[in-house]
Structure formats: C-alpha cells, structure tokens
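Let's take a walk through this one together. Have the sequence and the coordinates open, and follow along at your own pace.

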Amino acid sequence: ENSPAPLPERAIYGFALFLGAWFGFILYLIWAYIPEAWLFSLGLTYWPQKYWAVALPVYLLVAVGIGYILLFGINMMSTAPLSSTQTITDNFAKKQQQQKFQEEAIPALRDIPISEVNRMFFLPEK
Amino acid sequence: CRELAVRGPRLQLRSLSAATSAVWLAAYGLFALSENSMVLSAAIFITLIGLIIYLHFVKIDQESLLVIGSLGIQVTSSYASGKESTTFIEMGKVKDVVINEAIHMQKVIYYLCILLQDPEDPQGVSEVVPLFQSSKPCLDCLIEVYKSCQEILEQRKTAPQSS
C-alpha cells in the first residue's frame with residue numbers, strides 16, 4: 001500500500017513542483033534585478049522593498065549556521081549529569097517483572113542491575 | 001576500615017607563568033592604549049587575587065575515600081591551599097559502590113560512584129554520588145578502589161550474622 005515506487009500521480013506532483021520552483025526563482029530574479037521605475041511603469045507598485053532580496057538569504061544562511069551550534073548545544077544540555085539516576089536505570093527497568101528460571105531454556109531478556117554487572121566485570125581474579 | 005586516596009596533577013609552573021604573562025601582556029597593551037597606570041597595578045592585583053582564589057576554591061590536590069565497615073563512608077577533598085572539605089554518608093544509606101559509565105562532554109568515561117538506598121524501595125536507588133570528580137583516575141585505578149570497597153561492603157552483610 002505505502003510503497004515508495006514511482007506512480008503517475010507522483011510524476012505529476014513532481015513536475016508541478018519543478019515548474020513552480022522555476023517560476024518562483026524567475027520571479028525572485030525579476031524582483032531583485034529589474035529597477036523599480038520599470039516595475040512601476042508596468043503597474044506593479046506593491047512589491048516588498050528590494051532590501052529583502054538580499055536580507056532573506058542572509059537570514060536563512062545565518063540561521064542554518066547557528067542551527068548547527070544550537071543542535072550541538074541542545075544535545076549537550078539533554079545529556080544526563082553524572083549524578084543522576086538516569087545513567088543507571090529508568091522507568092521500564094524499575095517496573096520489569098522477574099521471570100521464573102526454567103531448566104534448559106535461554107533466560108528471559110532483562111535489565112541487569114549495575115551492582116551485578118560490576119561484580120561480573122571487575123571482581124573475578126584472572 | 002580503609003582509606004583510598006587519589007592525587008591529582010600538581011600545579012604546573014609553565015601554565016602558571018603562561019597565565020601570568022598573558023594577563024600582564026594584556027594589561028600592558030591596555031596601558032599602551034589608555035596611558036593610565038592604574039591598569040598595571042590592577043593587573044598585578046588581579047593576578048594575585050586570582051591565584052589565591054584558584055588555589056583555595058578550584059585546585060584539588062587529593063581526593064580520598066575512607067570506608068569504615070560499620071559506620072559509613074567519608075569523602076575528603078583537599079585543596080591546594082590546604083583547605084579540606086568532607087562529606088560523610090552513613091552505612092545505612094549506602095546501597096553499593098560501583099563503577100558507572102556515562103557520557104560526559106562527547107566522551108564515555110568510567111567513574112566511581114556511591115549508590116544511595118531508596119527508603120521506600122529496597123531495590124531502588126535514590127541518588128548517585130560521583131566520586132573523584134577532579135582527579136579523574138583511569139579504569140585500572142578505579143578497579144583497585146572498587147575491589148577494596150567491595151571487600152569492606154561484603155563484611156557488613158555477614159557481620160550482623162556473626163555478631
């Protein structure tokens with residue numbers, strides 16, 4: 001049902017978007033380059049100031065650059081501090097139920113408490 | 001009863017002289033621009049006060065862990081100026097001492113921490129107290145400290161039965 005295969009409708013949407021993008025670009029070039037006097041003589045008087053033809057791309061690029069730094073910072077802020085219990089356990093691990101031990105069967109998957117993990121790793125003598 | 005101490009790196013002479021020279025060069029630059037001689041005396045003052053504050057509040061020389069099986073755990077940090085700050089956690093609150101791994105500043109580090117018991121839930125952990133935050137020992141050192149602590153903590157489980 002939801003396959004990414006090419007369909008006739010998708011081809012038409014794509015072509016419409018392609019034409020729309022070209023139209024938007026040509027319109028932007030006309031607005032940015034053609035002098036105001038010529039546009040007024042055609043009757044097109046209520047267009048935004050040409051200042052924005054330069055300002056908007058600059059705003060976008062600066063936002064993208066700051067976005068890199070912002071994402072990095074948000075990642076660092078959401079990391080749990082060293083003194084929080086989130087580094088050891090969470091709600092799912094606290095509520096897990098103990099499965100009964102069956103002979104000859106693979107033990108059920110569970111979250112092993114950190115004390116047990118430490119004992120396994122660090123206590124046995126080599 | 002055991003005391004385990006980890007010593008941090010000593011204050012380096014070259015970093016001290018680098019910081020002092022940087023501050024004094026900046027002050028000399030400001031003096032050259034503004035022709036105000038107070039800038040130079042202010043720079044000397046700032047350097048001295050900054051060094052004293054750094055030695056008294058920031059630079060930790062040695063962090064030690066004193067584990068007494070029946071009483072509790074005492075964590076001591078001694079600063080370079082001689083100040084010592086201690087924290088005591090009684091044994092009833094201590095659940096375990098473990099080596100935990102966590103993400104810290106784009107790295108995964110091992111650090112020793114004390115798990116405090118949750119009064120309501122016998123299996124739960126109410127708080128995590130990280131140890132040796134300034135001296136940051138490596139994993140081999142942490143394993144030694146961990147084995148030492150576990151020997152003492154095991155005795156407290158068997159002690160009530162023997163006494």
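What follows goes from the annotated spans to the domains of chain B, then to the salt bridges and a few single residues.

Keep in mind that this is a predicted model. Start with chain A, where an unreviewed UniProt entry puts a "domain: PIG-P" feature at residues 10–122. That span is 64% helix and 0% strand, and its end C-alpha atoms sit 59 Å apart. UniProt, again from an unreviewed entry, also lists "transmembrane region" for residues 12–34 and 54–74 of chain A. In the model, residues 12–34 of chain A come out as 96% helix and 0% strand, with 32 Å between the end C-alpha atoms. Residues 54–74 of chain A are 100% helix and 0% strand, and here the end C-alpha atoms are 30 Å apart.

Now hop over to chain B. Its unreviewed UniProt entry gives "transmembrane region" for residues 12–31 and 37–57. Residues 12–31 of chain B are 95% helix and 0% strand, with the end C-alpha atoms 29 Å apart. For residues 37–57 of chain B the figures are 95% helix, 0% strand and 30 Å from end to end, C-alpha to C-alpha.

Zoom out a little and look at how chain B is split up. Domain 1 takes in 2–7 + 61–158, while domain 2 covers 13–58. Where the two domains touch, domain 1 of chain B contributes four residues and domain 2 of chain B contributes four residues. Their centres, taken over C-alpha atoms, are 38 Å apart.

On to the charges. Side chains of opposite charge can pair when their charged atoms come close. How many salt bridges turn up over all chains? A search of the whole structure finds three.

Take the pair in chain B between R10(B) and D61(B), whose closest N and O atoms are 3.6 Å apart. R10(B) is in the loop between β1 and α1 (13–34) of chain B and D61(B) is in strand β2 of chain B, so this salt bridge ties together parts that are 51 residues apart in sequence. R10(B) counts as partly exposed because its relative accessibility is 47%.

Another salt bridge joins the side chains of E151(B) and R2(B), at 2.9 Å from N to O. This pair links distant parts of the chain, 149 residues apart: E151(B) belongs to helix α3 (residues 139–162) of chain B and R2(B) to strand β1 (residues 2–7) of chain B. E151(B) has 41% relative accessibility, so it counts as partly exposed; R2(B), at 30%, is partly exposed too.

Back in chain A, R110(A) and E116(A) meet through their side chains in a salt bridge, 3.4 Å from N to O. R110(A) is partly exposed, with a relative accessible area of 41%, and E116(A) is partly exposed at 30% relative accessibility.

While you're in that stretch, have a look at D111(A), in the loop between α4 (91–94) and α5 (114–122) of chain A. Its relative accessibility is 37%, so D111(A) counts as partly exposed. Leaving aside neighbours within four places in sequence, D111(A) is in contact with A93(A) and Q96(A). The C-alpha atoms of D111(A) and Q98(A) are 10 Å apart, with the two positions 13 residues apart along the chain.

Now compare a charged residue without such a partner. E63(B) sits in strand β2 (residues 60–68) of chain B. What is the nearest side chain of opposite charge to E63(B)? That is K136(B), 8.5 Å away, and E63(B) is buried yet has no salt bridge. The side chain of E63(B) does reach backbone nitrogens, though: that of S134(B) at 3.4 Å and that of Q133(B) at 3.5 Å. Beyond its neighbours within four places in sequence, E63(B) contacts a set of residues including L4(B), V6(B), T76(B) and F132(B).

Finish with G72(B), in strand β3 (residues 72–79) of chain B. Is G72(B) buried or exposed? With a relative accessible area of 1%, G72(B) is buried, because the cut-off for that is under 20%. Sequence neighbours within four places aside, its contacts are L66(B), V67(B), F88(B), I89(B), E90(B) and M91(B). The C-alpha atoms of G72(B) and G92(B), 20 residues apart along the chain, are separated by 7.7 Å.

Methods. Residues numbered from 1 in each chain as written. Chains lettered and ligands numbered in written order. Predicted model: local features only at pLDDT ≥ 70, side-chain atom pairs only at ≥ 80, totals over all residues. Heavy atoms only, no water. UniProt positions renumbered as here; feature names shortened; annotations may be inferred. Helix = DSSP H or I, 4+ residues; strand = E, 2+ residues; numbered from the N terminus. Buried < 20%, exposed > 50% of the residue type's maximum accessible area, 1.4 Å probe, protein only. Lys, Arg positive; Asp, Glu negative; His and termini not counted. Salt bridge = Lys/Arg side-chain N within 4 Å of Asp/Glu carboxyl O. Polar contact = N/O pair within 3.5 Å; in protein donor to acceptor, adjacent residues only side chain to side chain. Contact = heavy atoms within 4.5 Å. Domains from an automatic or database assignment.
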